[in-house]
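Grab a pencil and keep the viewer open while you work. Try each exercise yourself before you read its solution.

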Amino acid sequence: MAEGFYVGVDVGTASVRAALVTRGGRVTRTAEEPVRIWEPGAGQFVQSSGDIWGQVCKVVQSVTRGVAPSQVRGLGFDATCSLVVLDRSFQPVSVTRDGAPQQNVVMWMDHRAEEQAARITGGGHHVLQRMGGVMSPEMQPPKLLWLKENLKDTCWSSAAHFLDLPDFLSFRATGSLTRSLCTLVCKWTYCPPQGWDAGFWRSIGLEDLLEDGCSKIGSVTCPPGAPLGDGLTQDAAVELGLDPGTAVAASLIDAHAGGLGVLGADVGGLHLPCEDTPITTRMAMICGTSTCHMVVSEQPLFVPGVWGPCLSAMVPGLWLNEGGQSATGRLIDHVVKGHAAFAQLQERAHQSGENIYSFLNSYLSAMPRPHAAVDPLASGLHVWPDFHGNRSPLADAGLKGMVVGLPLSQTLDDLALLYLATVQALALGTRHILDAMKAAGHDIRTLFLCGGLSKNALFVQIHASATGLPVALPEQMEAVLLGAAILGGCASRDYGSIQEAMEKMAKVGKVVGPDGDLQR
């Protein structure tokens, strides 16, 4: 009997990736293609759903080349929580003032709706309790309100379908408009089992979205991993190079897929404090352009400034709280690449054969210091990391960043120390989120990191030391793709539940503990 596989597709901020994954969770092949981003105005970032789907087709064809279509048992999607706008014929509707064709996706990091978000927060509706008490401009209601107030004639009047990007991908693959509870609960204020709160939408001036059974924003829902429709449509199968009817799962937001890829791993024999305890004692951190902090609980816990509790938004039957930092990898890039010594850094890194961050880590380790750890090197330099606002736990999108302790010099040493201080600031931001969650009743004993920044040894070590918790790193570093593939495994019915699939497919590869000298 031929080996079976699952395909996981991850649509991130700047690229689309796919992986071919075995039933045991081994990533055998990956592919990546870029996606376009436009900036039509200050704080505005848009994409094209057509461009994204075209790149999805390329990466799926790439990872399945040489594999019989019948060997692909299931397909799972994850994506950023961006807003896709389509008309009655499912064609793109522009979300820009100039009506640019095909530019129909308001990206997750688009902050054009800050004023609308503040207005919704000021209304104090009870649905905000599940969002830490504050409506973020990264949620969908303020973005929808902005479109109605600013593009009523060109966009709002033509729009018939508003979808989160993960739901658009599953729709494009299956023709099913069934929405994932992950997207609707986390980003749209939907609350199972009651559903949509009509009073909320009326209170913010979007009562027209209630028409026709809320068909524009989703009238049918299901938990992540549930099979959709009859699987791949004939057209989508041709585009992807797979068989019609191949199982397709209800999707996840990208960070949540990372949570699936790490949280359920078997930790037996690793002597972690979360061993022999439920997954509710684990926090998943998905660290890339931004960082999401995911923790689940058996009962709903309300954490000020942290999104949730959201039922079945990641693991069916469990409540999710989601903290986050709007700019992490993006902030590190901004600080490093904007420094006067960046050209020198590039040259030195090229000469050493390392990427710039591996070189910086080595450079810091070689600097004279009184302790074994590099952390005290930046003791006179302090960064407030909210250059793109604070998502959690202060929930203030208007906050700005700052640096205290800069000298007049701009040497490579100065750049290295600023990089170190920035990483430390981000780690202390995680500590701030962790403390807020613990105060609300969460019992978090181990961090599980994945994403691009989890490959940065300094970033990982400083997070372990700043939080005082061990960090578990996945065996498969592409944990987000693995999480998407886990969805495909559930949709195929090869596993009875998401938790079973997580336990069978996710594995820990390495554990990093806090620096003992810094803890004393």
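**Exercise 1.** At what angle do helix H11 and helix H13 pack, and how far apart are their axes?

*Solution.* Some ground rules come before the steps. You're looking at a predicted model, where local features need pLDDT of at least 70, side-chain atom pairs count only at pLDDT 80 or more, and totals for chains, interfaces and linings use all residues. Residues are numbered from 1 along each chain as its sequence is written, and side-chain values use heavy atoms, with hydrogens and water left out.

Step 1: find the elements. Helices (H or I, at least four residues) and strands (E, at least two) are DSSP runs, numbered from the N terminus. H11 covers residues 329-337 and H13 covers residues 356-366.

Step 2: read off the geometry. The angle is about 70 degrees, and the axes are 12 Å apart. Axes here are lines fitted to C-alpha atoms, for helices over the stretch in contact, and angles run from 0 to 180 degrees between N-to-C directions.

Step 3: put a word to it. H11 is therefore roughly perpendicular to H13; under 35 degrees counts as roughly parallel, over 145 as roughly antiparallel, 65 to 115 as roughly perpendicular and the rest as oblique.

Step 4: see who touches whom. Contact means heavy atoms within 4.5 Å. H11 brings Ile332, Asp333, Val336 and Lys337, while H13 brings Ile356, Tyr357 and Leu360.

Step 5: sort these residues. You should get 5 nonpolar, no polar and 2 charged. (Ala, Val, Leu, Ile, Met, Phe, Trp, Tyr, Cys and Pro count as nonpolar, Asp, Glu, Lys and Arg as charged, and the others, Gly among them, as polar.)

**Exercise 2.** Now pair H13 with helix H14 (residues 412-439): what is the packing angle, and which residues meet?

*Solution.* Step 1: the angle is about 100 degrees, with the axes 10 Å apart. That makes H13 roughly perpendicular to H14.

Step 2: on the H13 side, look for Tyr357, Phe359, Leu360, Asn361, Tyr363 and Leu364; they meet Leu412, Asp413, Ala416, Leu417, Tyr419 and Leu420 of H14.

Step 3: sort them as before, and you get 10 nonpolar, 1 polar and 1 charged.

**Exercise 3.** How many residues does the largest nonpolar core have, and what is Phe162 in contact with?

*Solution.* Step 1: know the terms. A nonpolar core is a set of buried Ala, Val, Leu, Ile, Met, Phe, Trp, Tyr and Cys residues joined through side-chain atoms within 4.5 Å. Buried means under 20% relative accessible area, exposed over 50%, partly exposed in between (1.4 Å probe, protein chains only).

Step 2: count. The largest core has 93 residues, and those with the most contacts inside it are Val85, Leu144, Leu147, Phe162, Trp201 and Leu260. Helix H16 (residues 479-491) supplies the largest share, 9 residues.

Step 3: zoom in on Phe162. Leaving aside neighbours within four places in sequence, its contacts include Leu83, Val84, Val85, Leu144, Leu147, Trp156 and Trp188.

Step 4: look for another core. There's one of 57 residues that lies apart, with Val306, Tyr357, Val423 and Val512 among them.

**Exercise 4.** Why is helix H5 largely enclosed by the rest of the structure?

*Solution.* Step 1: H5 spans residues 165-174, and 9 of its 10 residues are buried, so the rest of the structure largely encloses this helix.

Step 2: check a few yourself; Leu165, Phe168 and Phe171 are among the buried ones.

Step 3: look just past the end of H5, where Gly175 has a positive phi of about 80 degrees.

**Exercise 5.** In what order do the strands of the open 7-strand sheet run, and which are its edge strands?

*Solution.* Step 1: the order is S15-S16-S14-S13-S19-S20-S21, with mixed pairing. Two strands pair if DSSP finds at least two bridges between them.

Step 2: the edges are S15 and S21 (508-512), each pairing on one side only.

Step 3: check one pair. S20 (residues 471-474) and S21 run antiparallel, joined by 4 bridges, and Ala472 stands opposite Val511.

Step 4: find a helix across the sheet. H15 (residues 457-467) lies across S13, S19, S20 and S21, at about 160 degrees to S19.

**Exercise 6.** Where are the cis peptide bonds that lead into Pro193 and Pro393?

*Solution.* Step 1: one joins Pro192 and Pro193, with omega about 0 degrees. Pro193 sits in the loop between H6 (181-187) and H7 (198-203).

Step 2: the other runs from Ser392 to Pro393, with omega near -5 degrees. Pro393 sits in the loop between S17 (382-384) and S18 (402-404).
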